[in-house]
Amino acid sequence: MPQRKPPHRSAVEYAALGGLFCVSLALPANAAERLDIMHWWVSSGEQASIEVLRERIRAQGLKWHEQAVAGSGTARYIDALRKRVASGRPPSASQMIGFEIQEWAKAGHLESLDEAAARNQWDEVVPFGIQALSKYQGHWYAAPINVHSTNWLWINQRLLEKLGSPPAPDTWDDLVLLLERARAAGMIPLAVGWEAWEHTLLFESIAVSTGGAEFYRRAFVELDAEALPLPLAIRIFERMRVLSRFVDPGFRQRRWDQATDMVRKGEALLQVQGTWVDGEFALHGMQPGRDFQCFRFPDTQGVVLFNSDQYVLLKNGPGSQAARRTLLNTLMDPDFQAAVNRRSGAIPARVDVPKDGFDACGRRAIDDMRSANMRRTMMGSIAMGNANPPAVKTTIYSLVSRHLKGELDDLRAGQALLRALSGDP
Ligand code: GAL
C-alpha cells in the first residue's frame, strides 16, 4: 500500500488539546454555496479520512467549511455542538454516534432524512442494528457512513516476535500470560489514554468476554439489571483491575492516538481499541501480518461490538435543500464509503459494498460483521454510546474510570454498575 503523507500536525495538536480549529477551503468567487460541517476527526488517520469527504464535496462545486472538535464524539464534542445550536449558528451537518442521534431528534434539532432514505433504499442496505440508531420513531435522522468495531487487540509485530511469536491470545488466560511476558521483557504491555471512553472500551470487551453475548445484550443494550448478578459484576471489575496493572503511569496524560503511536513505534506491545487504530497504522504504511496483528479480544470471537459514524442535518444550518441532498448522496454513496473507510479503518455501513481494497483486518471485519449480524451478536459499543442512552453511558464512564484509577474497589464498582443499569445512579 502506498504510504500517504501524514497531514499537517500543528492544527491537529491544537485541536486535540481541547481547542477548535476551522478550515475554510477557498473556491472561486462564483462557487455556489457553503456547507458547514462539524466533526471530531482530528487525529492523523482521521484527518486523512475527512479529506475524502472534503474533496468529494468540493468536486461537486460546493464550498466546504469545517469545525473539528476533539473528543471522539463524547461530551466534549457534544458540548461544542450544543453551544453552536444555542447561539443560533448550527452547522449544516454534524458527525454523531449512537443514542445521541435519538436525543437530538427528540429535541427537534434534526431534519428528517426520510425522502433521501426512501429514494435510495437505505432500509435495504444499512445493517439493522445501525438503522435502530439512525431512526427515531421510525423516521430516518442520520446517514451512517461506516461500521467501526471495538473488541480488537492491536499488537506490534516486532515486539510480538521478540516475545517468541506466541499464537493469538484466544482466552483470557492467554492474554494475561502475554502481558506478563511483555512486562518481564521490559516492555510497556498495554497502552491506554486518559479519557473515560477509552477505559470503557476495555470494560466492554471484558464484559462480553466474561459474561457472553446474550448477557451483554440483556444487561447493556436492553438494560435488564437482573441479567447482571453482583458476582459477575465483581468478576468483570476484577479483570479490569488485572489489566490496569499492565498500564504505565503515563496513561493519565495521553490521548488515544498517542497510545496508538506507542504501539506503532514499538514502545508498547498492544492496545485494546476500535478499528480507527487501523486507520492510524495504514496512514503510516503499516500492514497487518507484517508490522502489526489484529486479533479479536479473547473470548469475544464471533461478537462485533460496533460503533457507526453517522451524519445528521441540523435545522436552520447553512445550505439549500439541493446542497444538503448532495451531501447526503455523497455520504451514502457506496464508492465514497469504500474510499473513506479504507482510510478510517472501518468498513462500509452498507451490506452491498465489496471487500476489494480493504486490508486483512478490514476484510476480516466485513466477514465478522456479516455473520454477527445474522447471529444477533452485532451489538452496540457501550463506550461509543451505541448500546444505551447518554445518561447511562456517562454513569458507566465515571465508575469505570474511577475504578481504573483506584478510587473504587471491585465490590463498590460492581454495586454502582448494578445501580446504573437499573436507572438509579
Ligand atoms: C469514534 C469514531 C471513530 C474514531 C474514534 C476515535 O467516536 O466513531 O470514527 O474517530 O472516535 O476518535
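Two exercises with worked solutions follow, on the disulfide and the cavities of a predicted model.

**Exercise 1.** Identify the cysteines that form a disulfide, then state its handedness and which elements the pair ties together.

*Solution.*
1. The structure holds 1 disulfide. Its partners are Cys294 and Cys361, with sulfur atoms 2.2 Å apart, which is within the 2.5 Å cut-off.
2. The torsion about the S-S bond of Cys294 and Cys361 is about -105°, so this disulfide is left-handed.
3. Cys294 belongs to strand β12 (residues 292-296) and Cys361 to helix α17 (residues 360-375), so the pair ties together parts 67 residues apart in sequence.
4. Buried means under 20% relative accessible area. Cys294, at 10%, is therefore buried, and Cys361, at 2%, is buried as well.

**Exercise 2.** Describe the largest cavity and the second largest cavity by volume and lining, and locate the largest cavity relative to the domains.

*Solution.*
1. Counting cavities of 30 Å³ or more gives 5. The largest has a volume of about 130 Å³.
2. Its lining has 19 residues; Trp40, Trp41, Glu46, His148 and Trp276 lie nearest the centre. Elements that contribute two or more lining residues are α2 (44-59), β4 (93-97), α14 (276-283) and α16 (334-344).
3. By class, the lining of the largest cavity has 7 nonpolar, 8 polar and 4 charged residues.
4. Domain 1 (14-148 + 307-360) and domain 2 (150-305 + 383-422) both give residues to this lining, so the largest cavity lies between them.
5. The second largest cavity has a volume of about 110 Å³. It is lined by 15 residues, with Ala70, Ser72, Arg255, Trp256 and Asp257 closest to its centre.
6. The lining of the second largest cavity comprises 6 nonpolar, 3 polar and 6 charged residues, and at least three residues come from each of domain 1 and domain 2.

Technical notes. Residues are numbered from 1 along each chain as its sequence is written. This is a predicted model: local features need pLDDT of at least 70, side-chain atom pairs count only at pLDDT 80 or more; totals for chains, interfaces and linings use all residues. Side-chain values use heavy atoms; hydrogens and water are left out. Helices (H or I, at least four residues) and strands (E, at least two) are DSSP runs, numbered from the N terminus. Buried means under 20% relative accessible area, exposed over 50%, partly exposed in between (1.4 Å probe, protein chains only). On a 1 Å grid over the protein atoms alone, a cavity is a set of points where a 1.4 Å probe fits but cannot get out, and a pocket is an open set with protein on both sides within 12 Å along at least five of seven lines; lining residues have an atom within 4 Å of a point. Grid points are joined across faces, edges and corners, and a volume is the space filled by probe spheres set on the points. Ala, Val, Leu, Ile, Met, Phe, Trp, Tyr, Cys and Pro count as nonpolar, Asp, Glu, Lys and Arg as charged, and the others, Gly among them, as polar. Domain bounds come from an automatic or database domain assignment.
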